[in-house]
Amino acid sequence: MVYGGKLSKACEPCRARRAKCDLSYPDCSQCIRAKRPCHGYRDTEGLRITDMSTIVINKCRAKNPPKPGSFPRERLHKRTQSDTPPFNPSIVTFSLLTTRGPSVFIDDRAFCYFHTTFVTGQSRSFKYLEAIYASTSTHLSTSILAVGLASLSRAVRSYDIEIRARKAYASALQLVNTTLGTTQATDDATLSTVMLLDQFEKIIPPPNRSTSALTNHLNGASALMKMRGPGQFQTKTGLEMFIHMSSHLLVNCMQHEIPLPQDYLNLRTYATNFFDTSDISWRLSQVTVEYIAFRVAIKEGRLFDPETIIRATSEMDEQMAGLLGDIPPFWRYQSVPIDHPTDLVFGEHYDLYVDYRVLEALNMIRAGRFPLFELIREQAGLSLEPLSLECEMMVLQASENQEETVGLICACVPQQAGYLSDNEDALSARYSPEPEFELSGSTSTASSSPSSSTESSSPKFCTPRSLRLNSSHASSAYSLIWPLFTAANSSYTAPEARGWIIRQLRTIGISLGLEKALEVVTLLEGERRGDIWKVYEMLGSICYSANG
């Protein structure tokens with residue numbers, strides 16, 4: 001290997017103009033100011049080391065030719081695409097994913113990155129793909145490669161990998177268009193390919209996509225679901241794919257305030273024969289369907305009276321609150337007071353839950369209430385006449401509900417992010433202003449707090465300065481990102497709560513290696529408010545799903 005010298009990480013336009021690039025995400029300030037596309041940043045680790053093995057071997061052979069009669073050595077050859085074995089997800093390992101250098105081919109790394117991110121990792125958007133990996137469909141494998149390359153290009157900020165991803169996307173798009181005219185159109189692999197291509201467009205958005213184009217896309221996806229017919233509800237994979245598609249349609253329609261396709265609404269009615277409609281996830285999605293129709297009516301001008309909108313929104317929020325009130329007793333949390341203030345806890349207590357999956361479901365409902373809170377308060381500000389006493393009480397109630405919801409989301413952070421150590425189920429906490437605890441499951445070392453040695457079974461905190469988190473908390477911490485972002489993104493959230501949330505997102509992002517948390521911090525610190533549904537899709541979670 002030969003050292004090639006220190007290289008610039010700057011984007012291509014800045015390097016061409018010899019301008020100073022600030023490496024901001026997703027686009028640098030120079031490109032934003034010049035209103036030109038920023039092509040991402042170079043992976044200098046990959047460029048700094050050059051593989052000189054073949055050149056050195058050839059030089060050595062030239063100096064030392066084989067003796068007459070000796071057996072000739074096998075020539076080294078460059079591995080071609082035909083030499084590459086088919087991707088097998090069962091051999092995916094962390095070392096294979098993170099290994100740098102020419103020994104690991106970029107397509108293999110992309111497949112591994114996709115699998116560990118979207119199938120078995122924190123996102124889990126495509127967890128059902130494990131059941132259909134055996135499919136020999138070229139369009140499915142090509143679309144998986146496109147998404148893997150796109151995600152990898154964003155992770156390492158490589159424009160070259162992005163170019164490769166775009167080529168794979170174009171190839172997959174052509175293949176699936178051909179497939180839609182055959183009998184394979186209703187296969188699981190085909191619908192998965194459609195969802196994967198949509199995921200690619202979330203990672204690398206197409207330029208200037210109009211609302212009509214998006215509507216046509218959603219109608220096409222719904223028509224494909226309709227073509228699959230009742231048979232899609234007969235298998236576990238089919239049910240999971242319907243859940244994923246439902247989540248995709250609901251979120252897109254909320255984000256762009258467009259009506260749900262009628263084909264999907266008809267299919268959803270039929271799906272009630274296969275899902276438990278009393279389940280909290282199904283009930284949440286049903287409220288979401290009503291909310292989408294409500295927002296479309298406001299956008300189209302069919303609803304315009306502020307008091308009417310406030311009353312209808314308050315009624316929907318009561319339904320959301322009813323979902324939280326109907327949870328089983330074992331889902332409920334226990335509040336634990338703290339003796340001393342710490343930046344790792346918002347307020348004077350934190351909450352303990354029986355399982356982080358339970359909390360994830362509850363936080364999705366809580367986060368889903370923020371658009372309702374904001375709509376109520378926005379309509380109160382738009383009213384040209386004084387509101388009636390009833391509506392004023394609704395606005396006041398929305399303010400109180402939002403403050404309470406922010407507190408509930410913040411109170412679950414210590415447990416979910418792994419700030420607690422030793423016994424997480426204990427109901428008391430001890431905190432010293434300058435302890436030396438490390439929250440990696442190990443026992444504490446020397447501490448200046450006498451109380452720390454008296455009750456070893458109590459959860460312990462450490463200062464942010466000495467915080468050490470165990471990677472086993474990465475999944476539960478990842479589930480906090482969207483609820484925390486939604487709470488902090490609201491213009492009506494108190495500044496102290498917003499600041500605390502930003503600090504915690506930065507802490508878990510750095511300590512647990514969650515890049516998405518740091519991306520969300522960048523959005524929150526920006527001048528403009530972020531789009532909560534765009535962030536939702538970026539994170540890849542399936543929140544608005546039935547029995548998910």
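Is S479 buried or exposed? S479 is buried, at a relative accessible area of 10%. The residue sits in the loop between α19 (474–478) and α20 (481–489). Apart from neighbours within four places in sequence, S479 is in contact with Y356, E360, M364 and Q416.

**Confidence**

The model is predicted. Mean pLDDT for the protein chain is 79, with 77% of the residues at 70 or more. Two stretches have low values. Residues 69–104 stay under 50 in pLDDT, and the model gives them 36 contacts beyond four places in sequence. Residues 422–460 are also below 50, with 86 contacts in the model beyond near neighbours in sequence. Where pLDDT is low, predicted coordinates should not be read in detail. Ranked by element, the lowest mean pLDDT in the protein chain belongs to helix α5 (residues 94–98), at 42, and the highest to α17, at 96.

**Salt bridges**

The count of salt bridges comes to 15. Three of the pairs are listed here.

| Pair | Closest N and O atoms |
|---|---|
| K202 and D198 | 1.9 Å |
| R311 and E307 | 3.4 Å |
| E390 and R311 | 3.3 Å |

K202 and D198 both belong to helix α9 (residues 188–203), where they are 4 residues apart, or about one turn of the helix. An α-helix has 3.6 residues a turn, so residues three or four places apart point the same way. The two partners differ in cover: K202 is partly exposed, with a relative accessible area of 26%, whereas D198 is buried, at 4%.

R311 takes part in two of the tabulated pairs, one with E307 and one with E390. How far apart in sequence are R311 and E307 in helix α14? The two are 4 residues apart in helix α14 (residues 306–325), and therefore separated by about one helical turn. R311 counts as partly exposed because its relative accessible area is 31%. E307 has a relative accessibility of 18% and so counts as buried, the cut-off being under 20%.

The bridge between E390 and R311 has its closest N and O atoms 3.3 Å apart. This pair joins distant parts of the chain, with E390 in helix α17 and R311 in helix α14, 79 residues apart. E390 is partly exposed, with a relative accessible area of 44%.

Elsewhere, a network of salt bridges links R154, E162 and R166.

**The surface of helix α17**

Which residues form a nonpolar patch on the surface with L389? They are M393 and L396, and the three residues together have about 320 Å² of accessible area. L389 lies in helix α17 (residues 389–411). Its relative accessibility is 62%, so L389 counts as exposed, a term that applies over 50%. Helix α17 is also the element with the highest mean pLDDT, 96.

**Helices α6 and α15**

Helix α6 (residues 106–119) is made up of 14 residues. From its first C-alpha to its last, α6 reaches 19 Å, close to the 20 Å expected at 1.5 Å a residue. The buried residues in α6 are D107, R109, A110, F111, C112, F114, H115, F118 and V119.

V358 lies in helix α15 (residues 356–368). Its relative accessibility is 9%, and V358 therefore counts as buried. Between V358 and R332, which are 26 residues apart along the chain, the C-alpha atoms are separated by 9.1 Å.

**The loop at P37**

P37 lies in the loop between α2 (29–34) and α3 (44–48). Is P37 buried or exposed? P37 is exposed, its relative accessible area being 58%. Leaving aside neighbours within four places in sequence, P37 is in contact with P13 and C31. P37 and D27 are 10 residues apart in sequence, and the distance between them, C-alpha to C-alpha, is 7.9 Å.

Key:
Residues are numbered from 1 along each chain as its sequence is written. This is a predicted model: local features need pLDDT of at least 70, side-chain atom pairs count only at pLDDT 80 or more; totals for chains, interfaces and linings use all residues. Side-chain values use heavy atoms; hydrogens and water are left out. Patches are made of residues with over 30% relative accessible area and no salt bridge: like charges are joined within 9 Å, nonpolar side chains (Val, Leu, Ile, Met, Phe, Trp, Tyr) within 5 Å. Accessible areas come from the Shrake-Rupley method with a 1.4 Å probe; for residues, only the protein chains shown count as cover. A salt bridge is a side-chain nitrogen of Lys or Arg within 4 Å of a carboxyl oxygen of Asp or Glu. Buried means under 20% relative accessible area, exposed over 50%, partly exposed in between (1.4 Å probe, protein chains only). pLDDT is the predictor's confidence in each residue, from 0 to 100. Contact means heavy atoms within 4.5 Å. The expected span of a helix is 1.5 Å times one less than its number of residues.
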